[in-house]
Amino acid sequence: MESKNPVFSRTRRQAGAWSGPAPSPDMLQNMYDSPSYAPPSRPAFRTMTLDDVVVRGFLTLGTLILAAAAAWVLNVPPVFAIVGAVVALVLGLIASFTQSTNPALILGYAFFEGIFLGKISQLFEGAISGIVLQAVLGTAFAFGAVLTVYALRVVRVTPKLVKFTIAAAMAALGLVLVNLLVGIFNGVGLGLRTDSPIGWAFSIVMILIGCFFLLLDFDSVEQGVRQGAPEKFAWQCAFGLTLSLVWIYLEVLRFVSYFSDGD
């Protein structure tokens, strides 16, 4: 028969099983005083919450935006943008393949990527007035649409979807590389980055791949919170979201330029 003693009930749940009658207070005290008794252990680390991801996401995106604004206002030379792109690529690859949660590494990526984005955005804006605002709004719309689709479970993230997204991204990047190599000889490559139906279609595919990566990012955040991932994992989630948003922004910027007239 279950004892109605609340102290004993709690002790029974914590210490395991007790098949005999309810112990006396002296027996309980002896158990607590025993060297072999250990109270329930607490987690060795604070688990990640959604707020952690939001805060670190703002820090990462804020660093990127401030660096981009500085590069734009200061009108940095194009060589600075090239250096920033190369450094950001290296840091991004390290953070991706090592699943790093190092804040310095991730914020460093955001800083150098921001320099590159700031200069590229300035060049596009100089050629087509208002295009940067359109690209920013387009990226924000894509983010909101994908978040809605994920929240409503219109598309579920499955292992098959993950494999498809990664394979599609690798194929697309492979085509970009081939396009660059062929462009050395004929000036236009495969036509993937030209103002043509092929170029339009390829940009749409690239935007969709970026949106699929956002789906994977949202799922990573949800699974991390649900499974009690360490707090530091929020940095990797923030990095993934930033990487996907940069991908989408650059592709939207290019796509909008196809249908905009220069000054």
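Let's walk through the aromatic rings of this structure and see how they meet one another. Keep in mind that the model is predicted.

Searching the whole structure turns up eight aromatic pairs. A good place to begin is with Phe111 and Phe112. Their ring centres are 5.2 Å apart and their planes meet at 85°, so this pair is edge-to-face; planes over 60 degrees apart earn that name. How buried or exposed are these two residues? Phe111 is partly exposed, with a relative accessible area of 38%, and Phe112 is also partly exposed, at 27%.

Now turn to Phe164 and Phe212. Here the ring centres lie 5.9 Å apart with the planes at 85°, so this pair is edge-to-face too. Where do the two partners sit? Phe164 belongs to helix α7 (residues 159-186) and Phe212 to helix α8 (residues 197-226), so their pairing ties together parts that are 48 residues apart in sequence. If you check how open each one is, Phe164 has 48% relative accessibility and counts as partly exposed, because that class runs up to 50%. Phe212, at 26% relative accessibility, is partly exposed as well.

Rings can also gather in a group. Which residues form such a cluster? Phe143, Tyr150 and Phe218 are linked into one by ring pairs. Take a second look at Tyr150, where a charge joins the picture: the charged end of Arg153 sits over the Tyr150 ring, 4.8 Å from its centre. Tyr150 therefore has a place in the ring cluster and also lies beneath the charged end of Arg153.

How values were computed. Residues are numbered from 1 along each chain as its sequence is written. This is a predicted model: local features need pLDDT of at least 70, side-chain atom pairs count only at pLDDT 80 or more; totals for chains, interfaces and linings use all residues. Side-chain values use heavy atoms; hydrogens and water are left out. Rings of Phe, Tyr and Trp (its six-membered ring) pair if their centres lie within 6.5 Å; planes under 30 degrees apart count as stacked, over 60 as edge-to-face and the rest as tilted. Buried means under 20% relative accessible area, exposed over 50%, partly exposed in between (1.4 Å probe, protein chains only). Helices (H or I, at least four residues) and strands (E, at least two) are DSSP runs, numbered from the N terminus. A charge sits over a ring if NZ of Lys or CZ of Arg is within 6 Å of the ring centre and within 35 degrees of the ring normal.
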